[in-house]
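Welcome! Please take a look at the model below, and keep it in view while you work through the exercises.

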Amino acid sequence: MIMDFLMKPGIKIKRWLFTGFIGLVILIFGIIRLISSVDNTLSRKVFSLFLTILGIVIMVISLSEIIKSSIALINSEKVKITISNKNIEELVDEKRVHVNGPKVVVIGGGTGLSTMLRGLKLYTDNITAIVTVGDDGGGSGKLRADLGMLPPGDIRNCILALADTEPIMEDLLKYRFTEGTLKGQNFGNLFLAAMAGISENFEDAVQKMSSVLAVTGKVLPVTLDDMKLIAELENGNIIEGESIIPSEALKQNSRIKTLKINPEKAKPLVDALMAIEDADAIIMGPGSLYTSIIPNLLVEDIVESIGRSNAIKIYVSNVMTQPGETDDFTVSDHIKTLMKYSGKDSVQYVIANNGTIPKDIEERYKNEGSKLVQLDYEEIDKLGVEVIETDLVKITKGYVKHDSKHLAQILMTTILDKKLLYDRKKIIEYMYVSKKISKKK
């Protein structure tokens, strides 16, 4: 079987096997001359040493070329090799590509972020989710007020998205009580609250919960400070509290002018800054522009770290506008707003939707004040941002969501082609992740 593989025409292995054999012969000949007592003149000893080194060099080059040719064959699917009924590609995917895969930092919050994470974890273990802690509504808001803890909701969603859990455990952590004093509370939130009670701080609680649920990568709150959002509307009114900002903007028929946080100099987690500066890719979005993404950028040193990072910077645009936040926003409007808080160089690529939705669903969203975000190519081009467009729409129970698996494929393809293609140290990861993407397509 192995001989049949080696004898295939055009695979360039036979020639390198022969070259390696020649190198071995030269090596042996050189060693024999070196240890021989017959020839001991300096010039002959130097020549013998040269032969020995030459033989080693030829053998190393031959071995390297044999490995390269074998990888190229496997990657092109011209030959299939199995070990214990498992394809070598799959073994490499799991053991090497995931562990040494692209270092991806995602910044945001809400369901959009967790949706994207479910897809990304299929390709790399090196994911760091930096999550906003400005939520003050719903069950998270109640726990925040009652226990004085940071809001657990967005953190919990990201942990679940990256967790390796049984379906029953995931259902349990998603369960929301319907009666009694716990009505409206989510069990996952309570689980994280309990972890916070036995931990030194909220960051430690998040890491303990992540460990229990075998999370891929890391989930980090952007700050441990009790951060609250403050919005100034175009009419001059000030709105405090993430949960009421969109509704008040709608009620007052006035757009959000600026967003601030209290305390103004909230301290970031050191691990978050380190992850940003060491990343291959920084992804912002998808999610609520003003209440999920931008709050992270207002925490001290986050924007500066993004600016220093050599990562490629990607923004994933929302599919639908959000009433009270991005009414009538185009893709370029989203980017301009993001750049207002994070700087002009914070977005190099935008992943934008070019798909459509069924008429009945479009009409329902229209009645709720929401519509598809329009791609305005010329305005985006003026911002110096490259558009990567694709159909991102997935209808789930009548709601428009991002297709997590397709989005992850587009993101990983972008990271590979725009970043890792030029990194010689990552060539193996590039080849195998590319192969995995093509198979899933």
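Five exercises with worked solutions follow.

Before starting, note that this is a predicted model, in which local features need pLDDT of at least 70 and side-chain atom pairs count only at pLDDT 80 or more, while totals for chains, interfaces and linings use all residues. Residues are numbered from 1 along each chain as its sequence is written, and side-chain values use heavy atoms, with hydrogens and water left out.

**Exercise 1. Describe the protein chain as a whole.**

Step 1: Begin with the secondary structure, which comes to 19 helices and 14 strands. Helices (H or I, at least four residues) and strands (E, at least two) are DSSP runs, numbered from the N terminus.

Step 2: Turn to burial. Of the 441 residues, 51% count as buried. Buried means under 20% relative accessible area, exposed means over 50%, and partly exposed is in between (1.4 Å probe, protein chains only).

Step 3: Add the surface. The accessible surface of the protein chain is about 22,100 Å², and 56% of this belongs to carbon and sulfur atoms. Such areas come from the Shrake-Rupley method with a 1.4 Å probe; for residues, only the protein chains shown count as cover.

Step 4: Look at contacts (heavy atoms within 4.5 Å). Among those with a separation of 6 or more, 72% are between residues 24 or more positions apart.

**Exercise 2. Find the residues that touch the most other members of the largest nonpolar core, and say where this core lies.**

Step 1: Recall the term. A nonpolar core is a set of buried Ala, Val, Leu, Ile, Met, Phe, Trp, Tyr and Cys residues joined through side-chain atoms within 4.5 Å.

Step 2: The largest such core has 111 residues, and Leu120 and Ile335 touch the most other members. Helix H18 (residues 404-418) gives the most to this core, with 7 residues.

Step 3: Domain 2 (104-225 + 267-439) and domain 3 (228-262) both contribute residues, so the core lies between them. The domain bounds come from an automatic or database domain assignment.

Step 4: Zoom in on Leu120. Leaving aside residues up to four places away in sequence, Leu120 touches Val104, Val106, Ile127, Ile283, Ala408, Leu411 and Met412.

**Exercise 3. Place Val347: is this residue buried or exposed, and what does Val347 touch?**

Step 1: Locate Val347 in the loop between H15 and strand S11 (349-353).

Step 2: With a relative accessible area of 3%, Val347 is buried.

Step 3: List the partners. Not counting residues up to four places away in sequence, Val347 touches Met284, Lys313, Tyr315, Ile335, Leu338, Met339 and Val385.

Step 4: Pick one of these partners, Lys313. In sequence Val347 and Lys313 are 34 residues apart, yet their C-alpha atoms are 5.1 Å apart in space.

**Exercise 4. Study three salt bridges and work out where their partners sit.**

Step 1: Start with the idea behind the term. Side chains of opposite charge can pair when their charged atoms come close. Here a salt bridge is a side-chain nitrogen of Lys or Arg within 4 Å of a carboxyl oxygen of Asp or Glu. By this rule the count is 13.

Step 2: Take Lys371 and Asp328, whose closest N and O atoms are 3.1 Å apart. This pair links distant parts of the chain, 43 residues apart: Lys371 is in the loop between helix H16 (359-367) and helix H17 (377-382), and Asp328 is in the loop between strand S10 (312-316) and helix H15 (331-342). Lys371 is partly exposed at 41%.

Step 3: Take Lys174 and Glu170, which form a salt bridge at 3.2 Å, N to O. They are 4 residues apart in helix H8 (residues 167-174), or about one helical turn. Lys174 is partly exposed at 43% relative accessibility, whereas Glu170 is buried at 19%.

Step 4: Take Lys359 and Glu362, with 3.8 Å from N to O. They are 3 residues apart in helix H16, again separated by about one helical turn. Lys359 is exposed at 68%, and Glu362 is partly exposed at 32%.

Step 5: Finally, join the bridges that share partners: Arg118, Glu170 and Lys174 form one network.

**Exercise 5. Classify the aromatic pairs.**

Step 1: Set the rule. Rings of Phe, Tyr and Trp (its six-membered ring) pair if their centres lie within 6.5 Å; planes under 30 degrees apart count as stacked, over 60 as edge-to-face and the rest as tilted. The whole structure has 2 aromatic pairs.

Step 2: Tyr175 and Phe177 are edge-to-face, with 5.2 Å centre to centre and 80° between the planes.

Step 3: Phe187 and Phe191 have centres 6.5 Å apart and planes at 55°, so this pair is tilted. Both lie in helix H9 (residues 187-197), 4 residues apart, about one turn of the helix.
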